[in-house]
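Me: Could you take a close look at one part of this protein for me, the loop residue I keep coming back to, and then show me how it fits into the rest of the fold?

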Amino acid sequence: MGVTLKQVIKNLDAFPRAEEHLLHKTQSGALVSVIGIVIMATLFLHELGYYLSTYTVHQMSVDLKRGENLPIHINMTFPSLPCDVLSVDAIDMSGKHEVDLDTNIWKLRLNSYGHIIGTEYISDLVEKEHTHHKHDHDKDHHEDSEQKIHLQTLDESTENTIKKVKQALTDGEGCRVYGTLDVQRVAGNFHISVHGLNIYVAQMIFGGAKNVNVSHIIHDLSFGPEYPGIHNPLDDTTRILHDTSGTFKYYIKCIFCGKPPKALYFAMQVVPTEYRYISKEVVPTNQFSVTEYFSPMKDHDRTWPAVYFLYDLSPITVTIKEERRSFLHFITRLCAVLGGTFAVTGMLDRWMYRLMETITKPKAKTSVSR
C-alpha cells in the first residue's frame, strides 16, 4: 500500500528529472540563458518598482464644509505701477467688502530692471468703512463723488504722495504683490488696481484712466496648498499692454454674466479638493478652472482699469486618495512575467539547438563519406 501511494505521488510530478549524463550543454544554450536572466532581472525590477509606487483614486461627494475661510495665494508683478498706488480689494456675496487688504501681503518695490529696492509688509487686516467705495460703475455716483472731492483741499501729505508717485512713474518703478488673502468661503471677487486712491488724487497722478497701465505677470495664483500633480492654470501668465489700457477679468466660473466693467476679468470655478497621502496625511486645498476677458478703455469710460479675479465655489468636493497595489497582485504579475520569459527563452534555445544541428550534420556526413 505504501509503495503504491509513493508511486501515485511520483506520477503527479510535473517536473521530471533527467539523468545528468543525458544532459547536453551547448554554447547557444548558455547565450540564451544569459539573455533570459538579464530580461528576467530587468522585468523583476520593473514590477517591483510598479508595486512600490502608488496610484490615485478620485472620488466625488457633496461639499459639506461651512464657516471656513478660503486661502488665496497670490504672487504677481505689476511692472508699470508703483506700490504706493496699488491696492487689493475684495468683496463677497455676503456683502462683506474689504478695501486695501494687507493680511499677510507683501509689496516689493521694483526698479525699471525688476530688482527689489524696497519692501512693505502689514501683518494685520485693516478693514475700512467703505460705504462710498463701490465698484458699481454708476455714472451719477462718480459725478457726485468727483464734485465733492474737488471741493476738498489737498493737505501736505497728499501733495507729497502725488509727487512721490509721479517720480516713481518717471523712474519706471513697478511692484510685486504676494502673500495670502483669507476670505470667506463664499463666491466673490478680489481685484488689484488703484482703487485705494480717491478719484481726484488718481486723476492728478495719472491724468486719466487711460494712462493706468495694469500690465501684469501672474507668477502664482492658487486656492490652497499644492499636492502632487496639481495644475494651477494661471501660473506664469503674462499680460503686457502697449499704448492702451483696460480691465482684465479672470472668471473662475462666470458668476457675473452681465456686461463686465472695463477690465481684464479672470473668472474661476473653485473645486474643493482633499488629497490623502498613503501615510493618511490629508491636504485640504482647491482646484480651479479659468476663463478670461479683456475690455479696452474708451474715451468716454469713467471707470478705472483693474485686474479682477471672480470666483465661485463648486458644491462638489473631489477627494484624491493615494493607494498601493496588493501584494497578491504583485506576485501574480511577477509569476506571469518570469514564467513567460522562462518559457520563451526555452523555446528559443530549442530552436537554436535544432538550427545548429541542421547546419552541422551535413558537414559531418560529407567528411565521413570522404
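Reply: Happy to. A word on naming before we zoom in: helices and strands here are DSSP runs, with at least four residues for a helix and at least two for a strand, numbered from the N terminus. With that in hand, Val194 sits in the loop between β8 (188-193) and α5 (199-206). Please keep in mind that this is a predicted model.

Is Val194 buried or exposed? Val194 has a relative accessible area of 2%, and because the cut-off for buried is under 20%, this loop residue counts as buried. Setting aside residues up to four places away in sequence, Val194 touches Val85, Ser87, Phe206, Val212 and Trp304. Leu81 lies 113 residues from Val194 along the chain, yet their C-alpha atoms are separated by 8.9 Å.

One of those partners, Phe206, leads us further inside. Phe206 belongs to the largest nonpolar core, which has 46 residues, and is listed with Ile72, Phe190, Phe309 and Tyr311 as touching the most other members. Ile72 is a good one to follow: leaving out neighbours within four places in sequence, its contacts include Phe190 and Tyr311, together with Gly179, Thr180, Leu181, Val183, Leu221, Ser222 and Phe223. There is also a second, separate core of 6 residues, with Tyr227, Ile230, Val318 and Ile320 among them.

Phe206 has another role to show you, in the packing of two helices. Helix α4 (residues 156-170) packs with α5 at an angle of about 40 degrees, the axes being 9 Å apart, and the crossing is right-handed. On the α4 side, the contact is made by Thr158, Ile162, Val165, Lys166 and Leu169, while α5 brings Val201, Met204, Ile205 and Phe206.

For contrast with the buried loop position of Val194, try two other loops. Asp243 is in the loop between β10 (237-239) and β11 (246-252), and Lys280 is in the loop between β12 (264-276) and β13 (282-296). Asp243 is exposed, at 86% relative accessible area, and Lys280 is exposed at 72%. Neither is a glycine, yet Asp243 has a positive phi of about 60 degrees and Lys280 has a positive phi of about 80 degrees.

Now step back to the whole chain. The protein has 6 helices and 15 strands, and 38% of its 370 residues count as buried. Of the contacts between residues at least 6 apart in sequence, 79% join residues at least 24 apart. About 22300 Å² is exposed, with carbon and sulfur atoms supplying 57% of that area.

Finally, the record. An unreviewed UniProt entry lists residues 30-52 and 330-348 under "transmembrane region". In the model, residues 30-52 are 100% helix, with end C-alpha atoms 33 Å apart, and residues 330-348 are also 100% helix, with end C-alpha atoms 27 Å apart. Arg333, in helix α6 (residues 327-369), is a handy place to look at both spans. Without counting residues up to four places away in sequence, Arg333 touches Glu47 and Tyr50. Its C-alpha atom is 9.6 Å from that of Phe44, although the two are 289 residues apart in sequence. Arg333 counts as partly exposed, at 29% relative accessibility, whereas Val194, where we started, is buried at 2%.

Conventions. Residues are numbered from 1 along each chain as its sequence is written. This is a predicted model: local features need pLDDT of at least 70, side-chain atom pairs count only at pLDDT 80 or more; totals for chains, interfaces and linings use all residues. Side-chain values use heavy atoms; hydrogens and water are left out. A nonpolar core is a set of buried Ala, Val, Leu, Ile, Met, Phe, Trp, Tyr and Cys residues joined through side-chain atoms within 4.5 Å. Buried means under 20% relative accessible area, exposed over 50%, partly exposed in between (1.4 Å probe, protein chains only). Contact means heavy atoms within 4.5 Å. UniProt positions are given in the numbering used here, feature names are shortened, and annotations may be inferred rather than shown by experiment. Accessible areas come from the Shrake-Rupley method with a 1.4 Å probe; for residues, only the protein chains shown count as cover. Axes are lines fitted to C-alpha atoms, for helices over the stretch in contact, and angles run from 0 to 180 degrees between N-to-C directions. A crossing is left-handed if the near helix is turned anticlockwise from the far one by less than a right angle, and right-handed if clockwise.
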